[in-house]
Amino acid sequence: MKLSVVGCGYLGAVHAAAMASIGHDVVGIDVDERKIESLSAGRAPFFEPGLAEILTEGIESGRLRFSTDMADAAGAQVHFIGVGTPQVKDGYAADMTYVNAAVDALLPHLSPGDVVAGKSTVPVGTAAALAERVDPTGATLVWNPEFLREGWAVQDTIDPDRLVAGVPEGPEGLRAAQVLRDVYHPSVAKGTPFLVMDRATAELVKVSANAFLATKISFINAMAEIAEVTGADVTQLADAIGYDDRIGRKFLGAGIGFGGGCLPKDIRAFSARAEELGRGESVAFLREVDEINLRRRERAVQLVVEGLGGQVFEKNVTVLGAAFKPHSDDIRDSPALDVAVRLHGLGANVTVTDPAAINNARRVHPQLTYVEDRDLALTGADAVILVTEWDEYRRELDPTHASTLAAGRVVVDGRNGLDAAAWRAAGWTYLGMGRP
Ligand code: UGA
């Protein structure tokens with residue numbers, strides 16, 4: 001099938017390349033010339049395992065190309081909208097400028113029978129409003145939310161755990177759902193659940209899924225706060241409740257909490273939208289979820305201060321990680337970098353290391369010192385704090401080896417990812433989050 005993908009960021013670039021990899025003829029469109037140049041040369045403009053491979057393969061096969069000209073979308077049967085919906089500068093709502101601009105720019109190139117499939121995470125009600133602009137062209141607007149995780153984006157796109165199609169009522173909607181089934185033919189053939197629903201439900205599925213995940217993380221972090229005043233261990237608690245398969249152990253990782261370009265802004269946009277709908281109270285708990293989350297960053301800072309005997313001024317603190325999670329170079333709303341910045345604000349000499357995110361971090365926070373080599377970064381440290389649980393730190397950093405580099409023996413485990421017993425055995429004061 002001929003497809004266009006409008007917006008070539010984390011979502012769109014991966015979607016375009018993944019669709020080409022399953023046999024479609026795809027054009028990816030973005031207004032950012034540098035991004036298009038890089039993608040056209042087969043270079044991923046961000047770190048995402050497996051993306052470079054499918055980009056190169058798609059371009060070489062002739063099935064994948066990129067353009068800054070929206071007119072190149074003409075002739076495609078399905079047009080995916082994958083532009084960003086960041087938080088507005090002066091509030092909690094989602095900034096819909098890019099979605100509106102993308103749809104408006106696409107309108108002149110649509111033909112009757114085309115399907116416009118929104119993938120961006122949007123406030124419920126967006127699709128209904130956009131449909132008023134798309135309907136006169138004879139194209140059908142559907143909402144087809146994306147559930148990919150950064151770091152696993154290629155796999156999640158090619159082999160998702162479910163597909164959601166929010167379609168208008170009537171034969172036109174059923175036809176559009178069939179078109180999406182054809183797009184995702186390998187998953188459909190394999191029996192992946194393909195759920196057809198109305199557009200508002202599809203929009204809500206996405207925001208409520210992210211709200212649930214954020215709530216689960218803040219729940220366990222709230223338990224960590226209680227553990228801290230009772231001498232309990234939140235990791236053992238998580239293991240024990242996680243064995244109940246109604247609860248499940250996933251997303252019960254207590255630590256410095258969630259960040260990234262999705263969870264934080266999505267729960268805020270959900271609150272803002274619920275307020276507009278007169279139902280603010282229904283998701284008022286999301287404010288608490290946000291606050292618990294932000295408190296844990298401060299708690300990690302406090303542990304470093306305590307570990308160093310009450311103050312960090314002019315102490316050398318090595319921060320292991322900058323990305324909001326491992327397998328990503330994304331530093332948007334990164335709890336890891338936030339902790340580093342807070343420590344710097346207290347007068348510590350902060351050295352940050354990360355296997356992938358240093359360049360991005362340096363652009364936003366040039367005041368911090370960045371060292372690519374892990375061992376060099378550890379040299380002379382009075383305290384070490386793990387904030388992004390890359391294997392390079394979690395599994396591969398031997399505490400005895402770390403002792404030969406660092407000046408002090410304080411390690412704060414902001415992700416509860418280190419082997420506490422091994423670090424203690426090597427002579428370190430180990431401080432976890434919500435652990436005695
Ligand atoms: C999230 C969702 O997981 C995806 O399903 C969704 O498609 C995506 O947002 C999106 O809206 O596009 P992502 O932002 O890639 O994906 O990151 P997650 O893997 O969800 O992690 C989010 C944050 O939570 C990270 O900072 C991570 O370190 C933190 N986290 C995760 C915890 O603090 N504890 C956990 O147990 C799990």
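Visitor: How much space lies in the largest cavity, and what makes it a cavity?
Guide: About 70 Å³ of space lies in there, with volume taken as the space filled by probe spheres set on grid points joined across faces, edges and corners. It's called a cavity because, on a 1 Å grid over the protein atoms alone, a 1.4 Å probe fits at its points but cannot get out. Mind you, this is a predicted model: local features need pLDDT of at least 70, side-chain atom pairs need 80 or more, and totals for chains, interfaces and linings use all residues. Residues are numbered from 1 along each chain as its sequence is written, and side-chain values use heavy atoms, leaving out hydrogens and water.

Visitor: How many cavities of 30 Å³ or more are there?
Guide: Just one makes that count.

Visitor: What makes a residue part of the lining?
Guide: An atom within 4 Å of a cavity point. Thr85, Val207 and Phe270 are among those that pass. H11 supplies the largest share, five residues.

Visitor: Which classes does the lining hold?
Guide: Seven nonpolar, two polar and three charged residues. Ala, Val, Leu, Ile, Met, Phe, Trp, Tyr, Cys and Pro count as nonpolar, Asp, Glu, Lys and Arg as charged, and the others, Gly among them, as polar.

Visitor: Over to the ligand: why does Lys206 get a polar contact?
Guide: A polar side-chain atom of Lys206 lies 2.8 Å from a ligand oxygen. That qualifies because a polar contact is a pair of N or O atoms within 3.5 Å. A backbone N or O atom of Phe324 also sits 2.8 Å from a ligand oxygen, and a polar backbone atom of Gly259 is 3.1 Å from one.

Visitor: How much of the ligand does the protein bury?
Guide: The protein buries 89% of the 720 Å² that the ligand exposes when taken alone, going by Shrake-Rupley areas with a 1.4 Å probe. Helices H9 (199-230) and H11 (263-276) each give two or more residues to the shell, and H9 gives the most, four.

Note on methods. A polar contact is a pair of N or O atoms within 3.5 Å; within protein, one must be able to donate a hydrogen and the other to accept it, and residues adjacent in sequence count only if both atoms are side-chain atoms. On a 1 Å grid over the protein atoms alone, a cavity is a set of points where a 1.4 Å probe fits but cannot get out, and a pocket is an open set with protein on both sides within 12 Å along at least five of seven lines; lining residues have an atom within 4 Å of a point.
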